[in-house]
Amino acid sequence: MTNSPQDDVIVASTATPTAIEALQDKEPLAPPSSRSRDIWDQFRKHKGAMFGLWFLTFITLAVLIGPYIWQVDPQKLDIRNKDMRPIYTALWDSGAKVGWNKPLGSDQLGRDNLAQILAGGRASMAVGWAAMLLSLLIGTAVGVVAGYFRKLDSLLMRTTDLFLALPILPLLLLAVTLFRQPLRVAFGPEGGMFVLIVTIIAITSWMPTARIVRGDVLAIKEREFVLAARSIGTTNGKIIRRHLLPNVLSPIMVSAALGLATAIITESALSFLGVGFPSDFPTWGKMLADAVVRMERFPERVLLPGVAISLTVLSVNYLGDGLRDALDPRIRGR
Amino acid sequence: MLAFATRRLILSIPTLIFISFIIFMLLQLAPGDPMAQVPLTVPPEVKEKMRQALGLGEPPLVQYWKWLVQVFWIEPQVLIDHIFGTSFAAGDLRVISWQTRSPVMEIVIQRIPQTLWVVGVAYVVAILIALPIGVYSAYRQYSVFDQAGTFVTMIGFSIPPFFTGPLLIVIFSVQLGWFPSIYDTTHVVNDWESFKVQLQQMVMPVMVLAFQITAQLSRYMRASMLDNLNQDYVRTARAKGLSEAVVVNVHVLRNSMIPVVTVIALGIPSIFGGAIITESVFKVNGIGQLLLTALFANDLPMVMTLTFIFAVLIVLFNLIADVLYGLLDPRIRYD
């Protein structure tokens, strides 16, 4: 509003209590919607993201609850029932060796494919979630500290650049082959590999999060509410926890989704190259790797774990895409 | 710009030395002994001499220094000798592989063409496909083409190469029998027939790699085009009566290419290092496969040198990307 005389005229003419028709509210105003409500409304519009959320929930529940319903030991050798085909093969090939005791068939040692998929999914998802959380923790900590404390900024960011310059996959392979033995002794064959793979994936994937968080923290810490908080004597730790972290939550959540996807793929890649979990412990990557040599006769053994990995990663990627759209107030509402 | 490039180049030397130091010290922790295969009948003093010949048995720092000298001083001399026929490096000890007992660099040089052929072609193919897709998706945002492109790129992000590889092998070499499933690196191209065979065996690995790279690049291209299409200069160009083709393909495309070119430059190191999985799926006898076999065979000098080469490439192309960004975009000033 300017203070020009025209405005005064308008104000004077509309000073009467009844507004013109176009400005009248026919119904009471809707109560203001909360931020989380807005985010959810925007998120729901993204079909891919809804599919991602649905599928991720489904696969998580399947690998968590599935083994209690389908109580077959995935490592049990049943050599009489080896090389069985999935039950649906009977639809077009009546001579195929199928049976309801092995709904998705069995591998060359007679291990049940359904039980292996469920157990393998458990391993892959566990590694994915743990590595993602650890990497977020490192990335957020480095990012917040670098952004908030100016003295540590250049040191921490140089370290981040250094890590970004490392060749990731060769180093992953290197570290796994080097530290496999001692960790197996310390935590047992499966626990040791779990700790090793999670740590290595986290150590090599925290850098993007750290960069994004640092950038956001640098901008937010100059805002008035941080100044206000500091002026009433809030300590640094509390400012970070109460004022900075909630404000950088959305980029962190987006990079969490991307991190989960990369972690699952990296774990499967390591298993595929034969440096992952011990050979009797099923993971999706290892099932795929074992099946590749027999894929001409049993293509489903490649397809099942491959589709499982791809769909999970696809749904996580879509989830991240939807989250990014929903959490960005500039896009929201369009 | 020159000052910036020089400063970055000088700064990258300590970075690289630090990285190589970390890798070297990591490798020092490695279990296993290159002498483990030597028969027990060999007397211990002979074994000790063999150990010395491999550069072992000295403190790690001395070993590291020797490795540095070999890589930065002796290997360039060997290269000069090779080119000009001189003999600077005669008699000097080079980095020796524990597997083959021959210089690491010679094996690397043997393997590089295979990797370059497959991965380099894949990169070029991916760029050629990704850029038009990105441009058109952005120009017709939210159209059917754009939605389909988004879906395909999402799939490209999500399906790992160790799944697409076997899938293509099942479809194209087992069921249809069009392409061989194994890349034959000894194949010599000397006439039209052998060139066709070479093309056939390259199709599948190139497809797998190009699919992933296309997915990433077309996303970048689309985002960058979208940023530029709403700018004022585009309206100006249209207002002065330029045809739509000129506006999009000359004005907008040139400006949108700036970030994309740097992304392309940043991706080049992965041409050398990122194809480990694809190379092992299609049995391409390249650098990634060399690293994998060296790791499994506990061939530490080979692993060390290869990892270091990857690190050098990453640092170098980061630098090139930064310089390119400054050269292409006059708004960016580093000084």
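Which residues of α12(A) are buried? They are A:W284, A:G285, A:K286, A:M287, A:L288, A:A289, A:D290 and A:A291. Buried here means 20 or more other C-beta atoms within 10 Å of the residue's own; exposed means 12 or fewer, partly exposed is in between, and C-beta atoms are placed from the backbone. So helix α12(A) is mostly covered, with eight of its nine residues buried.

Some ground rules. This is a predicted model, in which local features need pLDDT of at least 70, side-chain atom pairs count only at pLDDT 80 or more, and totals for chains, interfaces and linings use all residues. Residues are numbered from 1 along each chain as its sequence is written, while chains are lettered from A and ligands numbered from 1 in the order in which they are written.

Back to α12(A). What do its buried residues pack against? In chain A, they meet α4, α11 and α13. From chain B, they meet α6 (161–175). Helices and strands are DSSP runs, numbered from the N terminus: H or I over at least four residues for a helix, E over at least two for a strand.

Now chain A as a whole. It has 13 helices and zero strands. Of its 334 residues, 39% count as buried. The C-alpha trace spans about 95 × 55 × 30 Å along its principal axes. The radius of gyration of chain A is 27 Å, where a compact globule of 334 residues would come out near 20 Å. That radius is taken over C-alpha atoms, and the globule rule is 2.2 Å times the number of residues to the power 0.38.

Contacts next. Two residues are in contact if their C-beta atoms, placed from the backbone, lie within 7 Å. Take the contacts in chain A with a separation of 6 or more: residues 24 or more positions apart account for 71% of them.

How many residues of chain A are in contact with chain B? The count is 30 residues of chain A, against 35 of chain B. On the chain A side, the elements giving two or more residues are α6 (168–187), α11 (249–272), α12 (284–292) and α13 (299–327). Helix α13(A) gives the most, with nine residues. By type, that side of chain A divides into 23 nonpolar, six polar and one charged. Nonpolar covers Ala, Val, Leu, Ile, Met, Phe, Trp, Tyr, Cys and Pro; charged covers Asp, Glu, Lys and Arg; the others, Gly among them, are polar.

On to the core. A nonpolar core is a set of buried Ala, Val, Leu, Ile, Met, Phe, Trp, Tyr and Cys residues joined through C-beta atoms within 7 Å. The largest one has 137 residues, and those touching the most other members are A:I197, A:A257, A:L288, B:A122, B:L291, B:V303 and B:L306. Helix α4 (residues 113–148) of chain A gives this core the most, with 13 residues. In chain B, at least three core residues come from each of domain 1 (2–84) and domain 2 (108–296). These bounds come from an automatic or database domain assignment. The C-alpha centres of the two domains of chain B lie 35 Å apart.

One core residue up close: A:I197. Leaving aside neighbours within four places in sequence, A:I197 is in contact with A:V127, A:E267, A:L270 and A:G276.

Now the record. In an unreviewed entry, UniProt annotates "transmembrane region" at several stretches of chain A, including 161–179 and 191–213. UniProt positions follow the numbering used here, feature names are shortened, and annotations may be inferred rather than shown by experiment. In the model, residues 161–179 of chain A are 84% helix, with end C-alpha atoms 25 Å apart. Residues 191–213 of chain A are 87% helix, with ends 32 Å apart. For chain B, the same kind of entry lists stretches including 199–217 and 302–328. Residues 199–217 of chain B are 100% helix, and their end C-alpha atoms are 24 Å apart. Residues 302–328 of chain B are 100% helix too, with ends 38 Å apart.

Last stop: B:G241. Is B:G241 buried or exposed? B:G241 is exposed, because 7 other C-beta atoms lie within 10 Å. It sits in the loop between α8 (232–239) and α9 (244–273) of chain B. Just after α8(B), B:G241 takes a positive phi of about 90°. Helix α8(B) is hardly covered: zero of its eight residues are buried. B:G241 and B:S280 are 39 residues apart in sequence, and 54 Å apart in space, C-alpha to C-alpha.
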